[in-house]
Amino acid sequence: MNPIIQIKSLSKSYKSGLHALKDINLEIMRGEIFALLGPNGAGKTTLISTICGIVNKTSGAVLVDGHDNVTDFRATRKMIGLVPQELHLSIFESVWDTVTFSRKLFGRGDSPQHVEKILKQLSLWDKKDDKIMTLSGGMKRRVLIAKALAHEPQILFLDEPTAGVDVELRKDMWNVVRELRSTGVTIILTTHYIEEAEEMADRVGVINKGQMILVEDKNALMKKMGQKKLTLVLDKPLAAVPKKLSKFNLSLSKDGNELSYAFDAREGRPDISGLLKEIDTAKISYSDLHTEQNSLEDIFMGLVKQ
Amino acid sequence: MNWRAIVAIFTYEMKRFFRTLFQSLISPVISTVLYFIVFGAAIGGRISEIEGVSYGAFIVPGLIMLSILTQSISNASFGIYFPRFSGTIYEYLSAPISAFEMVLGFVGAAAAKSILIGLVILATSAFFVPVTVAHPFWAALFLLLTALTFSLFGFIIGLWADGFEKLQIIPLLIITPLTFLGGSFYSISVLPEFWQKVSLFNPVVYLISGFRWSFYEVADVSLAVSLGMTALFLVICLAIVSWIFRTGYRLKS
């Protein structure tokens, strides 16, 4: 896959002295879903806004499909759709009018068929004549997505797309994003919900204090960095971990009913069969066993705390 | 040029005007009627003619300019301030449109609205006094240049303001006094010599004088000076707007 966005040594400083972006280097691959994670104030929205042309960069370059986003802004902006974090909408307009307006603003001719398609895709068709002020928060969020898609962009930025959205609607949004990706749209989303990135992203970037501290394939990241834990539910509680098993990194639950073996998937193959043999030899019986893997959230928290 | 975007912004702004057409037009019409009652009947009764023109007819160009100035500023400042206030400005800034195209859409619409109102006032005036336009071309040119210049000025105010009260402060404290003191209701030649000279520092004098000349061939300053000064204000406003977009002042962080 070739990159559709190349960010080279991008920095942004404000007059207040805040260094919002520090020497960011990043490539977004064509057709992928890239999740940008980071705590509040990490620089996620500043990064997106700089790429889209809303914020002026201090130094560095942003290339979109080979075009510089400042000197060749028409070419880059035509390719990008942006869904902002806040519900910025003209409340007196109808859904149809506001989406059509967005299409024209991006230089595209009338296409009622395309507007109809996206309104149907986003379950907004029956609201097309409604004034935006009459819509719920979730519906307004969909209108923002419809506006961003009105000019048929190849890249879609979703800034906290499911912030303040209920669980059902969030899952609907995920389906919409997946559908879009299947049509070849590259999607970059920022999110606070690690579950969202874990559910949808192909790659994950973690930004903290204006620095990109990690960019990694999501599955590889979880495999590489994930701590695993094997837990045995014992038939009879133990008072302490038997000495024979001390070579394994075992821990016993407070009530003595669960024995856990923590291991790092990065450190080669764990000796699980050896552990189970030793447990048998020690005549410890168990009724159940299960494994747990660290979530992206655990990994993320670990990274930003560093 | 992204003509579709320009037309979209223009149409969107005009739609806002037509959505409140009654309020947009009734207010200037009522004001004009009141001006005719107060100035035309009350004062006009005591002033028979100014330079061969009846007082009622004499104030018509000034009344039109008064509305053009205030409406241009108010339409353009609100037009750009509201997207900033509501946050929808993000869409304009991320769209493939240049600063010039954006200005063309917003300022074009604000100027078109105020010209429409100006024409309504002209039509209303015709019910009260005999109005003649000796030089329609020059009248149209002054109307257009003034509407554009003050719409640009309004656009600057709309970008500068960080609250609704600031939108009102310059029109109220500067523009309205300048308009009233700029010869809307009198010829500056009736003032004492000192105040005539002071009046020449008021840019509105040149707009009203040129516009009045195109009606009755009566002017406080020559046509060339009026036209030159009007063009100069336009260029100054264009330069400020161009600087705003180059630096991103109040638009981009």
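## A first look at chains A and B

In this predicted model, 25 residues of chain A are in contact with 18 residues of chain B. On chain A, the side that touches chain B draws at least two residues from each of α2 (73-79), β6 (80-83) and α3 (95-105). Sorted by class, that side of chain A holds 12 nonpolar, seven polar and six charged residues.

Helix α3(A) also has a partner within its own chain. The axes of α3(A) and helix α5 (residues 137-149) of chain A come within 7 Å and cross at roughly 35°, and this crossing is right-handed. From α3(A), the contact uses Val95(A), Thr98(A), Val99(A) and Ser102(A), while α5(A) brings Val143(A), Ala146(A) and Lys147(A). Four of these contact residues are nonpolar, two are polar and one is charged.

Now let us turn to strand β3 (residues 33-37) of chain A. Is this strand enclosed or open? Five of its five residues are buried, so β3(A) is largely enclosed by the rest of the structure. The cover reaches both faces: Ile33(A), Ala35(A) and Leu37(A) are buried on one side, and Phe34(A) and Leu36(A) are buried on the other. Such a pattern fits a general rule: in a regular strand the side chains alternate between the two faces of the sheet.

Which strands pair with β3(A), and which residues face Leu36(A) in them? The table gives the answer.

| Partner of β3(A) | Direction | Bridges | Opposite Leu36(A) |
|---|---|---|---|
| β8(A), residues 186-191 | parallel | five bridges | Thr190(A) |
| β9(A), residues 203-208 | parallel | four bridges | Gly205(A) |

Terms used: Residues are numbered from 1 along each chain as its sequence is written. Chains are lettered from A and ligands numbered from 1 in the order in which they are written. This is a predicted model: local features need pLDDT of at least 70, side-chain atom pairs count only at pLDDT 80 or more; totals for chains, interfaces and linings use all residues. Two residues are in contact if their C-beta atoms, placed from the backbone, lie within 7 Å. Ala, Val, Leu, Ile, Met, Phe, Trp, Tyr, Cys and Pro count as nonpolar, Asp, Glu, Lys and Arg as charged, and the others, Gly among them, as polar. Axes are lines fitted to C-alpha atoms, for helices over the stretch in contact, and angles run from 0 to 180 degrees between N-to-C directions. A crossing is left-handed if the near helix is turned anticlockwise from the far one by less than a right angle, and right-handed if clockwise. A residue is buried if 20 or more other C-beta atoms lie within 10 Å of its own, exposed if 12 or fewer, and partly exposed in between; C-beta atoms are placed from the backbone. Two strands pair if DSSP finds at least two bridges between them.
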